[in-house]
Amino acid sequence: MVLSTPLSLVLVIAGLWSVIVWPSYLRDVLKSPESRDANGAATRYMTMNLMKISTAIILGLATLVIGVRGLLS
């Protein structure tokens with residue numbers, strides 16, 4: 001399958017967006033008092049947000065790679 005240049009650029013921009021935006025949200029989650037209980041253990045709030053953020057970053061990286069490969073082919 002060959003991707004057009006405009007479609008490849010959309011994928012690159014979407015991938016970059018995910019890779020740039022989600023790490024700042026991760027910092028906010030880690031600083032949040034809701035992330036740890038009184039004993040310092042991770043809460044469901046932290047676990048769910050870590051799952052959401054890691055999934056979004058992985059999908060963002062995959063999107064970025066597909067977009068770059070589309071531009072190079």
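**Two helices and a nonpolar patch**

Modeller: Let's start on the surface, where Leu9, Ile13, Val68, Leu71 and Leu72 make a nonpolar patch of about 480 Å². Please keep in mind that this is a predicted model, in which local features need pLDDT of at least 70, side-chain atom pairs count only at pLDDT 80 or more, and totals for chains, interfaces and linings use all residues. Residues are numbered from 1 along each chain as its sequence is written, and side-chain values use heavy atoms, leaving out hydrogens and water.

Colleague: How do I read a patch, and which helices supply residues to the nonpolar one?

Modeller: Patch residues have over 30% relative accessible area and no salt bridge; like charges are joined within 9 Å, nonpolar side chains (Val, Leu, Ile, Met, Phe, Trp, Tyr) within 5 Å. A salt bridge is a Lys or Arg side-chain nitrogen within 4 Å of an Asp or Glu carboxyl oxygen. Areas use the Shrake-Rupley method with a 1.4 Å probe, and for residues only the protein chains shown count as cover. Here, helix 1 (5-31) and helix 2 (44-72) each supply at least two residues of the nonpolar patch. Helix 2 gives the most, with three residues.

Colleague: Is Ile13, one of the patch residues, buried or exposed?

Modeller: Buried means under 20% relative accessible area, exposed over 50%, and partly exposed in between. Ile13 has 58% relative accessibility, so it counts as exposed. This residue sits in helix 1. Between the C-alpha atoms of Ile13 and Gly67 there are 8.4 Å in space, although the two are 54 residues apart in sequence. Leu9 also belongs to the patch, and its place is in helix 1. With a relative accessible area of 41%, Leu9 is partly exposed. From Leu9 to Met51, 42 residues along the chain, the C-alpha separation is 27 Å.

Colleague: How many helices and strands does the chain have?

Modeller: Both are DSSP runs, numbered from the N terminus: helices (H or I) need at least four residues, strands (E) at least two. This chain has two helices and zero strands. Its radius of gyration is 16 Å, well over the 11 Å that the globule rule gives for 73 residues, so the chain is more spread out than a compact globule. That radius is taken over C-alpha atoms, and the rule is 2.2 Å times the number of residues to the power 0.38. Along the principal axes, the C-alpha atoms fill a box of roughly 55 × 20 × 10 Å.

Colleague: What span should helix 2 have?

Modeller: Multiply 1.5 Å by one less than the number of residues. The 29 residues of helix 2 should span 42 Å, and the end C-alpha atoms are 42 Å apart, which agrees. For the 27 residues of helix 1, 39 Å is expected and the ends are 40 Å apart, which agrees.

Colleague: Which residues of helix 1 are buried, and what do they pack against?

Modeller: They are Ser8, Val12, Gly15, Ser18 and Val29, and they pack against helix 2. In helix 2, the buried residues include Met46, Ile53, Gly60 and Leu64; the buried residues of helix 2 pack against helix 1. Over the whole chain, 23% of the 73 residues count as buried.

Colleague: Where does Ser35 lie, and what does it touch?

Modeller: Look in the loop between helix 1 and helix 2 for Ser35. Its relative accessibility is 1%, so Ser35 counts as buried. Contact means heavy atoms within 4.5 Å. Leaving aside residues up to four places away in sequence, Ser35 touches Val29, Leu30, Ala41, Ala42, Thr43, Tyr45 and Met46.

Technical notes. Buried < 20%, exposed > 50% of the residue type's maximum accessible area, 1.4 Å probe, protein only.
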